[in-house]
Amino acid sequence: QGTFDDWSGVAGALVRGQALGSCDAAVARGQGGTATVAVTFPTGFARHLYFAEGAFLRANATMSGVGTDTDWSGDGVQIFIREDDQRFELPVAFVYGPG
């Protein structure tokens, strides 16, 4: 909806095999561990990542992928996501807000 709670830089890679680089990100947080993170790569390509109940759900479909080829994990500090050919590393505190 264009209303965000926080903005930050996050690590991301646009294509398979690419080293992680810096991307702009904005997060809109909801209740109960829900959040939407909009990540924009330096090329201008953007992807939305959706979270609910403290877990990654999916990403929006794009021309480069439908958002169903997904793998993710977390270590309590970072959330690691692979969605289609893109990869993202997001701080937990950025996604869900400070503890």
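These are my notebook entries on a predicted model of one chain.

**Entry 1: overall fold**

I began with the secondary structure. I found one helix and eight strands in the chain. Read along the sequence, the order is β-β-β-β-β-β-β-β-α. The helix thus comes after the eight strands in that pattern.

Next I looked up the dimensions. The C-alpha trace spans about 35 × 25 × 25 Å along its principal axes. I then compared the radius of gyration with the globule rule. For 99 residues, a compact globule would have a value near 13 Å, and the chain has 12 Å, so the two agree.

**Entry 2: burial, surface and contacts**

How much of the chain counts as buried? I read off 33% of the 99 residues. The accessible surface comes to about 5,500 Å². Carbon and sulfur atoms hold 53% of that surface.

I also checked the range of the contacts. I took the contacts with a separation of 6 or more, and 33% of them join residues 24 or more positions apart.

**Entry 3: charges**

I counted 6 positive and 11 negative charges in the chain. Their mean positions lie 4 Å apart. I then asked how many salt bridges the structure holds. The count is three. I went through them one by one.

**Entry 4: aspartate 6 and arginine 29**

The side chains of aspartate 6 and arginine 29 meet at 3.6 Å, N to O. Aspartate 6 sits in strand β1, residues 6–13, and arginine 29 in strand β2, residues 21–29, so the salt bridge ties together parts 23 residues apart in sequence. I looked up the accessibility of both partners. Aspartate 6 is partly exposed at 31% relative accessible area. Arginine 29 is also partly exposed, at 26%.

**Entry 5: arginine 16 and aspartate 85**

This salt bridge has an N to O distance of 2.6 Å. Which parts of the chain does the pair link? Arginine 16 is in the loop between β1 and β2. Aspartate 85 is in the loop between β7 (78–83) and β8 (86–91). The two are 69 residues apart, and the pair links distant parts of the chain. Arginine 16 is exposed, with a relative accessible area of 59%. Aspartate 85 is partly exposed, at 33%.

**Entry 6: aspartate 84 and arginine 47**

Here the side chains meet at 2.7 Å, N to O. Aspartate 84 belongs to the loop between β7 and β8, and arginine 47 to strand β4, residues 46–52. They are 37 residues apart. Is arginine 47 buried or exposed? Arginine 47 counts as buried because its relative accessibility is 0%, and the cut-off for buried is under 20%. Aspartate 84 is buried too, with a relative accessible area of 9%.

**Entry 7: positive phi**

I scanned the backbone for unusual signs of phi. Most residues other than glycine have a negative phi. I noted aspartate 84 again here: its phi is near 55°, a positive value. This residue is therefore both a positive-phi position and a buried one, at 9% relative accessibility.

Glutamate 53 also has a positive phi, near 50°. I placed glutamate 53 in the loop between β4 and β5 (55–59). Glutamate 53 is exposed, with a relative accessible area of 74%.

**Entry 8: alanine 25**

I picked alanine 25 in strand β2 for a closer look. Alanine 25 is buried, at 4% relative accessible area. What does alanine 25 contact, leaving aside its neighbours within four places in sequence? I listed Asp6, Trp7, Ser8, Val10, Val37, Ala38, Val39 and Phe94. Asp6 I had already met as the salt-bridge partner of arginine 29. I also took one C-alpha distance. Alanine 25 and histidine 48 are 23 residues apart in sequence and 9.5 Å apart in space.

**Entry 9: arginine 82**

My last stop was arginine 82 in strand β7. Arginine 82 counts as partly exposed, at 24% relative accessibility. Leaving aside neighbours within four places in sequence, I found contacts with Asp69, Thr70, Asp71 and Arg87. The C-alpha atoms of arginine 82 and arginine 58 are separated by 10 Å. Along the chain, these two arginines are 24 residues apart.

Definitions and conventions: Residues are numbered from 1 along each chain as its sequence is written. This is a predicted model: local features need pLDDT of at least 70, side-chain atom pairs count only at pLDDT 80 or more; totals for chains, interfaces and linings use all residues. Side-chain values use heavy atoms; hydrogens and water are left out. Helices (H or I, at least four residues) and strands (E, at least two) are DSSP runs, numbered from the N terminus. The radius of gyration is taken over C-alpha atoms; the globule rule is 2.2 Å times the number of residues to the power 0.38. Buried means under 20% relative accessible area, exposed over 50%, partly exposed in between (1.4 Å probe, protein chains only). Contact means heavy atoms within 4.5 Å. Accessible areas come from the Shrake-Rupley method with a 1.4 Å probe; for residues, only the protein chains shown count as cover. Lys and Arg count as positive and Asp and Glu as negative; His and the chain ends are not counted. The place of a charge is taken as NZ of Lys, CZ of Arg, CG of Asp or CD of Glu. A salt bridge is a side-chain nitrogen of Lys or Arg within 4 Å of a carboxyl oxygen of Asp or Glu.
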